[in-house]
Amino acid sequence: MNVLITGANGFLGLNLQQRLRERLDVNVTCFSRGQQSEHLTRLLDGVDMVFHLAGVNRPQELKEFTVGNTDFTRELCRVVAATARSTGKPISILYASSTQADLDNAYGRSKREAEVILAKTGQDPLVPVHLFRLANVFGKWCRPNYNSVVATFCHNVAHNLPIQVNDPQAALTLVYIDDVIERFIQIMDGAEFSAGVDGFAIVRPQYATTVGELARLILTFPDSRSSLVTERVGAGLVRALYSTYVSYMPVESFAYDLPQHADQRGVFVEMLKTPDCGQFSFFTTHPGVTRGGHYHHSKIEKFLVIKGQARFRFRHILTGQVHELKTSGDRPQIVEMVPGWTHDITNIGIEEMVVMLWANENFDRDRPDTYACPL
């Protein structure tokens, strides 16, 4: 597959370039701002698909909307159609328009006129056309303080700069860059072109939110470094926003320190807490030292010895049944602490022992669910 990307150095273009270059079966040619449209005929030689992502949205003069969006699209369609007819080989076009094409302003009109040109070109069976009207696209490599409120908020918060919310209730419809690029590639690979009632292709999922809620979510991200409590960053809008926020962090923010609690037994460090799935930590233990000697009513813990040798002892607090097992860092093995069994762990090796620990609930000093009961 040979593809041409217009607007290759823009937000969409950079992300698409990177994804396509990860594939061995795709050759990418780029057309960027500054190149002349007369180069298109040469660049289109052997091309199977054009990703038309070029556009003007922040011109110095209004006429640049027409030149960069409408006129360039017309010329691109002319050259693509002529090339396809001369070779008898289809060349498809995927166009990234904007939901602002519905607006009656210079930018919206120029995008809408480009859509009309492309739709007419798509009547030629040798030039299949796929039209996308994208909502607010966000993600890594989007320019802050340009045309994305997500990029601006993420950049400013990551750099400890203020953000401005004029209307917290203003509605936003967002799509994430990875979902957009994934859909583009699916179309390239021959997926069925499913359009909405307006005839434009759909990118899912779309996230409906408000400017105020967007700001609130992004402002919680840096707080997790001090509270150690992460937002639910594993799925949906929060996942996409957190990935975007982190991409704007300056390099000096890539690392941060954690509190370390040390005593004669070793050290204990909490790494990460979740809203409803417990917390992660680790501890070290000197040779011959025993930790624990307590039980829980509901709390569950999973231990993983990463370094050293450990002996776990258990005793049922009602029946008195006892159990003992040994494990080491040489064998990845989870040892689970069961409610109603008092337990301890002893370093039986000659070197410091390092143990990773997950508990199914965050530690609460007022309700620790931890009761001393030596074995």
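Colleague: I'm starting with helix 7, so which of its residues, 211-220, are buried?

Modeller: In helix 7, the buried residues are V211, L214, A215, L217, I218 and T220, where buried means under 20% relative accessible area, exposed over 50% and partly exposed in between, with a 1.4 Å probe and protein chains only. Helices (H or I, at least four residues) and strands (E, at least two) are DSSP runs, numbered from the N terminus. Please keep in mind that this is a predicted model, in which local features need pLDDT of at least 70 and side-chain atom pairs count only at pLDDT 80 or more, while totals for chains, interfaces and linings use all residues. Residues are numbered from 1 along each chain as its sequence is written, and side-chain values use heavy atoms, without hydrogens and water.

Colleague: And what covers those buried residues of helix 7?

Modeller: The cover includes helix 5 (149-158), helix 8 (224-227) and helix 9 (236-247), together with strand 7 (171-176) and strand 8 (207-210).

Colleague: New topic: where is Q279, and is it buried or exposed?

Modeller: Q279 is in strand 11, and with a relative accessible area of 5% this residue counts as buried.

Colleague: What is Q279 in contact with, apart from its neighbours in sequence?

Modeller: Leaving aside neighbours within four places in sequence, Q279 is in contact (heavy atoms within 4.5 Å) with E270, L272 and K273, with L357, W358 and A359, and with E361, N362 and F363. For F363, the backbone nitrogen lies 2.8 Å from a polar atom of the Q279 side chain.

Colleague: Okay, and where does H286 sit?

Modeller: You will find H286 in the loop between strand 11 and strand 12.

Colleague: Why does H286 count as partly exposed?

Modeller: H286 is placed in that class because its relative accessibility is 33%. Beyond the neighbours within four places in sequence, H286 is in contact with Q264, R265, G266, N347 and E352. The C-alpha atoms of H286 and M353 are separated by 6.5 Å, although these two residues are 67 residues apart along the chain.

Colleague: Last one: how do strand 14 and strand 15 run, and how many bridges join them?

Modeller: Strand 14 (residues 309-316) and strand 15 (residues 322-328) run antiparallel and are joined by seven bridges; two strands pair if DSSP finds at least two bridges between them. One of the partnerships links R313 to E324, which belongs to strand 15.

Colleague: What lies between strand 14 and strand 15?

Modeller: The two strands form a hairpin with five residues between them, and in the turn G320 has a positive phi of about 80°.

Note on methods: A polar contact is a pair of N or O atoms within 3.5 Å; within protein, one must be able to donate a hydrogen and the other to accept it, and residues adjacent in sequence count only if both atoms are side-chain atoms.
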